[in-house]
Amino acid sequence: MLQQLLDDTMATLHKVVEDTEPTLRSHETGTVIQVGGGIARVRGLASVTSEELVQFPDGILGVAINLEPDEVGIMLLGDSEKLGAGIRVIATGREADTPVGEGLLGRVIDATGKVLDGGKPLEFHERRPIERPAPEIIERSPVTVPMETGIKAIDALIPIGRGQRELILGDRQTGKTSLAIDTIINQRDKGVKCIYCAVGQRATAVAKAVETLRKHDALDHTVVVVAPDDDPPGLRYITPYAATTMAEYFMEKGFDALIVYDDLTRHARAYRELSLLLRRPPGREAYPGDIFYIHSRLLERSTHLRKEFGGGSLTALPVIETQAQDISAYIPTNLISITDGQIYLSPTLFQKGLLPAIHVGKSVSRVGGKTQHPALRSVASDLRLSYSQFEELETFARFSTRLDKDTRATIERGRRVREVLKQNERHPLRASEQVAVLKAVNAGLLDALPLEQIPEAEQRIQKHLLHALPELCARMESGETLDDAQWQQVLSELRSALTDDDPAIRG
């Protein structure tokens, strides 16, 4: 019996050997001639293509980005301390790629898929190239659904739609990241998949953002892609493209996705660093001439797809940092021209405690107005103009104490509008809650209240309306239009909320 088993085994082995056709695999190799600053110069890779992965010893990867007649410029994606001249380099023959899939949600990773949160290995079944062409015009559909941030000043005055690209800009420490994090938190129960891409941030800042998302139950629907400031410039450069590929997976599956790039100023600096090390000619502010193109091809991938192409959407919130409130600098003007609008955060407003410090006059949304809920649009339609008029009147009022009655009334109303537009961090509001407060201030119901009592009145109004008119609140949030009789009902309940005999408040 043992002899029979051995005979059968040998027969199987002989059959496998006969059926196997050996194939030769060729690997093109090159030699490092110089390493430093996160780049390597290599000779001998005559057939390497742009954006192709190359492998160094110890598993260190690089991406070919500079193809010259005699040598290739490689940006390194790992630690270069162990590398030196004379080391052999192997061309892998594949394009730089990144993992995608549902298994990435709730994880903190880098652009290559390396796990950074100390958890179990990443679960994924597919890798896609980090550089992918943007959807064609014929594949795109108009932006029609609102991307609710839960922030009154944005949803009412600068509305964003799903599939839009809205720039967030301002000086350091003005609340740009907080604005983006609050928007991610507000997507908890809305079915939106979120990607938070942190480029060039301090590790402590990223850890704080991750902990905030976890604390508010927002990490389960979010992928955090990180390239801290101590990573090589090559890894910082490819990270936004890799994060976009991860987000496109959800868009093409029919989901609505949101991606935050925090921030593209540091991304541009990483590319400038690479370019100068590769001896590309510098231009304005020492940036290379193609700096506009690297951001435009990134942000053009955000869109709303037609149903036959998946029907999903990808909304982009790029963040950039200005210096001394200069929004006319090179990178800010580039991104303002690429995106569909901008939200400008003013350090002056921040120092006055007017948070979020959104400067309404310098902020705009070019396509989001069409997506706004009808109820919110009806109460916010005249708010932007009246608020701008108030700011101008308030400036002139400082030079004179003699003001007519109408001017004083306009200024007092404007101060209450400004007060209700204030909002604490991590407290996103439903659309019906925003409508309630804005309707009350527009109708003059808060005119008699001192400014310090406005926050308490807001809470009373929001709580009462949700308790008294749950069906109307649901209609507001579903995008239905209210008729005159229903608006009168809302006003009646708002007046009731501001009286002392409010049963909802007592309960």
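Okay, the second largest cavity has a volume of about 80 Å³, where volume is the space filled by probe spheres set on grid points joined across faces, edges and corners. By cavity I mean a set of points, on a 1 Å grid over the protein atoms alone, where a 1.4 Å probe fits but cannot get out. A lining residue has an atom within 4 Å of a point.

Quick warning: this is a predicted model, so local features need pLDDT of at least 70 and side-chain atom pairs count only at pLDDT 80 or more, while totals for chains, interfaces and linings use all residues. Residues are numbered from 1 along each chain as its sequence is written, and side-chain values use heavy atoms, with hydrogens and water left out.

So, who sits around that second largest cavity? Among the lining residues are Pro146, Met147 and Glu148, and further along the chain you can look for Gln372, His373 and Leu376. Asp155, Pro159, Ile160, Ala431 and Gln434 also help line this cavity. By class that lining has 6 nonpolar, 3 polar and 2 charged residues. Nonpolar here means Ala, Val, Leu, Ile, Met, Phe, Trp, Tyr, Cys and Pro; charged means Asp, Glu, Lys and Arg; the others, Gly among them, are polar.

How many cavities of 30 Å³ or more does the structure hold? There are 2. The largest one contains about 140 Å³ of space. Its lining has 14 residues, with Pro356, Ile358, Tyr387, Arg418 and Leu421 nearest the centre. Here we find 10 nonpolar residues, 1 polar and 3 charged.

Hang on to Pro356 for a second. The peptide bond joining Leu355 and Pro356 is cis, with omega about -5 degrees. If you want to find Pro356 on your screen, go to the loop between α9 (347-351) and β16 (364-365). Those helices (H or I, at least four residues) and strands (E, at least two) are DSSP runs, numbered from the N terminus.

Where is another cis bond? The bond from Asp262 to Asp263 is cis too, with omega near 0 degrees. Asp263 belongs to the loop that links β13 (256-262) and α6 (264-277).

Now the pockets. A pocket is an open set with protein on both sides within 12 Å along at least five of seven lines. The volume of the largest pocket is about 930 Å³, and 37 residues line it. Which ones lie nearest its centre? Gln173, Gly175, Lys176, Thr177 and Ser178 do. The elements giving two or more residues to this lining are α3 (176-185), β11 (192-199), α4 (203-215) and β14 (313-321). Sorted by class, the lining of the largest pocket has 14 nonpolar, 11 polar and 12 charged residues.

Gln173 deserves a click of its own. Its phi is positive, about 55 degrees, although Gln173 is not a glycine. You'll find Gln173 in the loop between β10 (167-170) and α3.

Last stop: the second largest pocket, at about 380 Å³. Of its 13 lining residues, Lys422, Gln423, Asn424, Glu458 and Gln459 lie nearest the centre. Which helix gives the largest share of this lining? Helix α14, residues 454-468, does, with 4 residues. The class split for the second largest pocket is 3 nonpolar, 6 polar and 4 charged.
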